[in-house]
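User: Hi! I'd like to understand how labels get attached to residues. Could we go through some together?

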Amino acid sequence: MSANTFENVKAVILSAHKSTTSRDKIDFYNTWAENYDQDVAVLDYRAPSLAADIISSHFSGDREAAVVLDVACGTGLVAKQLKRHGFGHFLGIDGSEHMLGLARETELYQDLKQSMLGDDPLPVQWGLFDVVVIVGALSVGQVPVGVVRELCKSTKPGGYICMTTRSNRDNLEYKAALERELKRMEEEGLWCCVDVTDVEDWERAVSEQEDGYISGSVYLYKKLQQ
């Protein structure tokens, strides 16, 4: 789908913004799957490693036994990074059949399920996971902010929820709505904020209005005992 030059990758990603329906989005990611890992490398996409590093710095339990739910797992980039930190038990969810096929080839996941976030409820048992992570999908035109409540429900009391979002111009309204929801859930006693890391060089900018690198944020929350 692309020849892995920055201009070609940029054109691919901008075309994704034209995908309006859930089926359009799935079709886009199905088509992109084969080149996805190489293309995000061209973008210097650091979110998977940043999220894994932050989870690792706060998680003190048995990593090999910990059960990790990788939401919007794509080809498995986050699981690969968490594996480097000693985690070994992964369940992945994604909307794209082709992305899931590539995730399966990594042989990192004990189970993989197809589900369109925001359209379908998460196809998992509540309160089961030691770590729930969503990297890349919480942004405008992708996954609705309300999904974070399902992430929290999926997590064991005392478990961690790690989320990322971009801070560039076209995502600022979404990011503000996301942070309001995270704060609201904290006020409701569902979880507490453990860490918020703002990163300047998140990934290379692709919009016509920006150049260089855009910034982003990683959020880590801990589910409270109910």
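User: Why is K80 called partly exposed?

Analyst: Its relative accessibility is 36%. Buried means under 20% relative accessible area, exposed over 50%, and partly exposed in between (1.4 Å probe, protein chains only), so K80 counts as partly exposed. Keep in mind that this is a predicted model: local features need pLDDT of at least 70, side-chain atom pairs count only at pLDDT 80 or more, and totals for chains, interfaces and linings use all residues. Residues are numbered from 1 along each chain as its sequence is written, and side-chain values use heavy atoms, leaving out hydrogens and water.

User: What makes D37 and K80 a salt bridge?

Analyst: A salt bridge is a side-chain nitrogen of Lys or Arg within 4 Å of a carboxyl oxygen of Asp or Glu. For D37 and K80 the N to O distance is 3.7 Å, so the pair fits the rule. D37 lies in helix 2 (residues 22-42) and K80 in helix 4 (residues 77-84), so the bridge ties together parts 43 residues apart in sequence. Helices are DSSP runs of H or I with at least four residues, numbered from the N terminus.

User: And why is E181 called buried?

Analyst: With 10% relative accessibility, E181 counts as buried. E181 also forms a salt bridge with R149, whose closest N and O atoms are 2.6 Å apart.

User: How do you know that C193 is not bonded to C192?

Analyst: A disulfide is a pair of cysteine sulfur atoms within 2.5 Å. The sulfur of C193 is 7.8 Å from that of C192, the closest cysteine sulfur, so this is too far for a bond. By this rule the count comes to 0 disulfides.

Note on methods. Helices (H or I, at least four residues) and strands (E, at least two) are DSSP runs, numbered from the N terminus.
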